[in-house]
Amino acid sequence: MNLVLLGAPGAGKGTQAELLCENYGFDYISTGAILREAISKGTPLGLQAKALIDNGHLVGDDVVIAIVKERLETRPCESGFIFDGFPRNIFQANALSEITNIDCTLLIDVPDSTIYERMASRRVCESCGETLRVGMNVASDTEPCPKCGGKLVTRRDDRPEVVKERLKIYHETTEPVADYYRQKNMLKIIDGTLSPEQIHKSILDALNLKQR
Ligand code: AMP
């Protein structure tokens, strides 16, 4: 089964993808994570994408489509894939339909006001890339990463002015992707304001999967 997770930045797609991958053997493809890794390694792709990402703009369609194609070719996974952050617009959705089949799309629905609050407390570990929330996973951002002891930082694209831009782009270009899948009867809407465990349960129900 191949799944697409849709939702605003900070809706909890990464957290839910992690739970699904751990328990059901999906392979996780986050175009954002692949691009961030390229930036931290200073590869030509990273150098090309950095300014766009830092300012909340989308990277070119040809670049992300090539990333996804390469990833599927080099590491096929029989249990299926979870796409997070891709497709981000209708052009990418059409491209994905030519690359592989999609069985279901889940929209994790969270109001903008909640997204702003969540992004203000989101931190990432500079060393291992773990995403954490201050007040939930750590008491303060001066604490070391609980996973590897690394330093916790705010993603440059989680600054409030950039979050505003990312939400604008989300509503303008990514929300139509939800309609694209709705029209194909492939969209399930999940209430993303609940706890991560409750959201996971709603996703399992939507996919007819048994809790593991
Ligand atoms: P994310 O972690 O999914 O929020 O992605 C972080 C940033 O990476 C986005 O704000 C974009 O700049 C870029 N990005 C990730 N996925 C895509 C995509 N499918 N198309 C264009 N840009 C993307």
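Here are four short exercises, each with a worked solution, on a predicted model of a protein with a ligand.

**Exercise 1. The ligand and its surroundings**

Task: Find which residues surround the ligand, and describe the shell they form.

Solution:
- Step 1. Start with the neighbours. The ligand is surrounded by 16 residues, and Thr31, Arg36, His57, Gly85 and Arg166 are the closest.
- Step 2. Sort the shell by class. You should get 6 nonpolar, 5 polar and 5 charged residues.
- Step 3. Look for the element that gives the largest share. Helix α2, spanning residues 31–41, supplies 4 residues of the shell.
- Step 4. Now turn to individual atoms. A nitrogen atom of the ligand sits 2.8 Å from a polar side-chain atom of threonine 31. For valine 59, a polar backbone atom is 3.0 Å from a nitrogen atom of the ligand. In the case of arginine 166, an N or O atom of the side chain lies 2.9 Å from an oxygen atom of the ligand.
- Step 5. Finish with the cover. On its own the ligand has 480 Å² of accessible area, and the protein covers 96% of this.

**Exercise 2. The parallel sheet**

Task: Work out the strand order of the sheet with 5 strands, and find its edges.

Solution:
- Step 1. Trace the strands across the sheet. The order is β2-β3-β1-β4-β8, in an open sheet with parallel pairing.
- Step 2. Pick out the edges. These are β2 (27–30) and β8 (187–191), each of which pairs on one side only.
- Step 3. Follow the twist. From one strand to the next, it averages 20°.
- Step 4. Zoom in on one pair. Strand β3, residues 81–84, runs parallel to β2, and 4 bridges link them. Within this pair, tyrosine 28 has isoleucine 82 of β3 as its bridge partner.
- Step 5. Add the helix. Helix α8 (residues 196–207) packs on this sheet and touches β1 (3–6), β4 (104–109) and β8. The directions of α8 and β8 make an angle of about 155°.

**Exercise 3. The antiparallel sheet**

Task: Explain why β6 and β7 each have one side without a neighbour in the sheet.

Solution:
- Step 1. Write down the order. This open sheet of 3 strands runs β6-β5-β7, and its pairing is antiparallel.
- Step 2. Use the positions. β6 (131–133) and β7 (152–153) are at the edges with a single partner strand each, so one side of each has no neighbour in the sheet.
- Step 3. Check one pairing. Strand β5 (residues 122–125) and β6 run antiparallel and are joined by 3 bridges. Here arginine 123 stands opposite leucine 132 in β6.
- Step 4. Place the packing helix. Helix α6 (residues 112–121) touches β5 and β6 as it packs on the sheet, and its direction makes about 35° with that of β5.

**Exercise 4. Two backbone details in loops**

Task: Locate the cis peptide bond, then the place of asparagine 185.

Solution:
- Step 1. Go to phenylalanine 86 and proline 87. The peptide bond from the former to the latter is cis, with omega near 0°. Proline 87 belongs to the loop between β3 and α5 (90–99).
- Step 2. Move on to asparagine 185. This residue is not a glycine, yet its phi is positive, near 60°. You will find asparagine 185 in the loop between α7 (160–183) and β8.

Definitions and conventions:
Residues numbered from 1 in each chain as written. Predicted model: local features only at pLDDT ≥ 70, side-chain atom pairs only at ≥ 80, totals over all residues. Heavy atoms only, no water. Near = heavy atom within 4 Å. Polar contact = N/O pair within 3.5 Å; in protein donor to acceptor, adjacent residues only side chain to side chain. Areas by Shrake-Rupley, 256 points an atom, 1.4 Å probe, with all protein chains shown as cover. Nonpolar A, V, L, I, M, F, W, Y, C, P; charged D, E, K, R; others polar. Pairing = 2+ DSSP bridges. Axes fitted to C-alpha atoms, helices over the stretch in contact; angles between N-to-C directions. Contact = heavy atoms within 4.5 Å.
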